[in-house]
Amino acid sequence: MKLGVLFSGGKDSTFACYLAKKQGYEISCLISIFSENKESWMFHTPSIEQVKKQAEVMNIPLIIVETKGEKEKELLDLEKGIKKAIENYKIEGVVTGAVESVYQSSRIQNICNKLDIECFNPLWLKVQEELLKDIIKNKFEVIITGVFAFPFGKEWLGRKIDKNFIKDIKKLYDKYSISISGEGGETESFVVNCTLFKRKLRIINYKDFGSGNSWRRELIVG
Amino acid sequence: MIEKILIINICKEKLHYCEFVKPVEDIVVSLKLKYFTKHYKELNKKDLEESDKIIICGTSLKDNEFLENINKFKWLMNFKKPVIGICGGMEIIGAVFGGKLKKKTEESKGFLKKKTEIGFYKEAFKKKFLGFKEGEVYHLHNYYVEFDKRFEILSSNKVVQAVKHKKKEIYGLLFHPEVRNKEIIKNFVRNIY
């Protein structure tokens, strides 16, 4: 079955893509949404333009859809992207990295149902700590590119997701109920290397934006 | 003796195991109970004999292959131990016991349109069902079943959300308790009816 992956370049959508490929599905294209609204409930935003480089090292065609990011209207833009993938790459289903967000997943289910294609959410309801451990075990190199909750600070930007990261984020979970895998948008991440990539991406430059407990890192990779 | 739970996978697509079966396994694991998972096409007599309880999981909106293979579930007719069917699993129970499979429709501009229910909906039952009386539930279904008189209907909507066989420990739920209301599954496996 030919599939398109709703791809943000973060750990969840990349890991979902990896699982689909491992199960023998053909990944025909990636679909990325570039949202002008940095507070989007639907789409990941930090370093989003760098998905072009990720798609290149994965050797998978990329469909980019730009959206103003207005609530609900952005769904029409997502639908446009999926339609294009059906037309151009004959996909019969999409893969998402949704873990717990019913807000995201039910909207995507609706679009797939309307377009009569399959919808796969291989990370759905996964125990969050297990998810991070699986990502590490499967040799994903992931860095944090956004933090958006108390008590995070700028020092979390650029941190690698490893055993120490899990240890530290678990402490925040115990004390402040911060989602371990960043499912509620508390953290955003970027995959610099994994077995889907032909080579590791190099961080050429970056710029940090934000204040207080809300920070994002815009990377330039090559 | 420690109870052993059989979890039945009805998904056509391999990748859907992660979405519809694994979350149910995780709930059973969280209670430190023993289980084994089998695809309905690979189920044999020994599996049924060895299990003390059965959970039949759901599958994706587009996957209706199991409905073409209802004969693979004929064993349900004479099965004596507790069974719960979630979503597609409930549709299977309905089909085996002579229920009618229906698609919800709604009138739109004078035409009857098929309506799929996706997302959170409020639900209130006539009485407690596996510890659940009312609250928000997660829907993901195209079809529902009209059950015959052998079943007690617990929900009050036209689209039947919860049933129990009047004489057997056979339960059906159209919504997905593994997404919200995990307690329902926990109560089923821990015998809290």
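The following dialogue examines how several descriptions of this predicted model are justified.

Biologist: How do you know that Lys126(A) and Asp134(A) meet in a salt bridge?

Modeller: Their side chains lie 2.9 Å apart, N to O. A salt bridge requires a side-chain nitrogen of Lys or Arg within 4 Å of a carboxyl oxygen of Asp or Glu, so the pair qualifies.

Biologist: Are Lys126(A) and Asp134(A) buried or exposed?

Modeller: Lys126(A) has a relative accessible area of 11%, and that of Asp134(A) is 16%. Buried means under 20%, so both residues are called buried.

Biologist: What makes the contact between Lys137(A) and Asp134(A) a salt bridge?

Modeller: The N to O distance is 3.9 Å. The limit is 4 Å, and therefore this pair counts as a salt bridge. The two residues are 3 residues apart in helix 5 (residues 128-137) of chain A, so about one helical turn separates them.

Biologist: Why is Lys137(A) called exposed?

Modeller: Its relative accessible area is 63%. Exposed means over 50%, so Lys137(A) falls in that class.

Biologist: Which residues are linked with these in a network of salt bridges?

Modeller: The network consists of Lys126(A), Glu130(A), Asp134(A), Lys137(A), Lys22(B) and Asp26(B). Over all chains, the count comes to 30 salt bridges.

Biologist: How do you know that Lys186(B) and Glu183(B) form a salt bridge, and where do these residues lie?

Modeller: Their side chains meet at 3.8 Å, N to O, and the cut-off is 4 Å, so the criterion is satisfied. Both lie in helix 5 (residues 183-189) of chain B, 3 residues apart, or about one turn of the helix.

Biologist: Why is Lys186(B) called buried, and why is Glu183(B) called partly exposed?

Modeller: Lys186(B) has 19% relative accessibility, and buried means under 20%, so it is classed as buried. Glu183(B) has a relative accessible area of 42%. Partly exposed covers the range between 20% and 50%, so Glu183(B) belongs there.

Biologist: What makes Glu25(B) a buried residue without a salt bridge?

Modeller: The nearest side chain of opposite charge, Lys22(B), is 5.7 Å away. A salt bridge requires a distance within 4 Å, so none is assigned to Glu25(B). Glu25(B) lies in helix 2 (residues 22-30) of chain B.

Biologist: How do you know that the side chain of Glu25(B) makes a polar contact with the side chain of Thr37(B)?

Modeller: The distance is 2.6 Å, and a polar contact needs a suitable pair of N or O atoms within 3.5 Å, so the pair meets the distance condition. Beyond four places in sequence, Glu25(B) touches Ile7(B), Tyr17(B), Tyr35(B) and Thr37(B).

Biologist: Why is Ile108(A) called buried, and which residues is it in contact with?

Modeller: Ile108(A) has 7% relative accessibility; the bound is 20%, so it counts as buried. It is found in helix 4 (residues 102-115) of chain A. Leaving aside neighbours within four places in sequence, Ile108(A) is in contact with Leu6(A), Met42(A), Leu78(A), Val94(A), Thr96(A) and Cys119(A).

Biologist: What makes Gln50(A) buried, and where is it found?

Modeller: Its relative accessible area is 11%, which is under 20%, so Gln50(A) is buried by this criterion. Gln50(A) is found in the loop between strand 2 (26-35) and helix 2 (51-58) of chain A. Neighbours within four places in sequence aside, Gln50(A) is in contact with Phe190(A), Leu219(A), Ile220(A) and Val221(A).

Biologist: Which residues have the most contacts inside the largest nonpolar core?

Modeller: They are Phe15(A), Ile27(A), Leu30(A), Met58(A), Phe140(A), Phe152(A) and Phe197(A), in a core of 54 residues. Its largest share, 6 residues, comes from helix 1 (residues 11-22) of chain A. At least three residues are drawn from each of domain 1 (2-120) and domain 2 (128-221) of chain A. A second, separate core of 30 residues includes Phe97(B), Phe147(B), Val159(B) and Val163(B).

Biologist: How many residues of domain 1 of chain A are in contact with domain 2 of chain A?

Modeller: Contact joins 24 residues of domain 1 to 31 residues of domain 2. The C-alpha centres of these two domains lie 20 Å apart.

Conventions: Residues numbered from 1 in each chain as written. Chains lettered and ligands numbered in written order. Predicted model: local features only at pLDDT ≥ 70, side-chain atom pairs only at ≥ 80, totals over all residues. Heavy atoms only, no water. Core = buried A, V, L, I, M, F, W, Y, C linked by side-chain atoms within 4.5 Å. Buried < 20%, exposed > 50% of the residue type's maximum accessible area, 1.4 Å probe, protein only. Helix = DSSP H or I, 4+ residues; strand = E, 2+ residues; numbered from the N terminus. Domains from an automatic or database assignment. Lys, Arg positive; Asp, Glu negative; His and termini not counted. Polar contact = N/O pair within 3.5 Å; in protein donor to acceptor, adjacent residues only side chain to side chain. Contact = heavy atoms within 4.5 Å.
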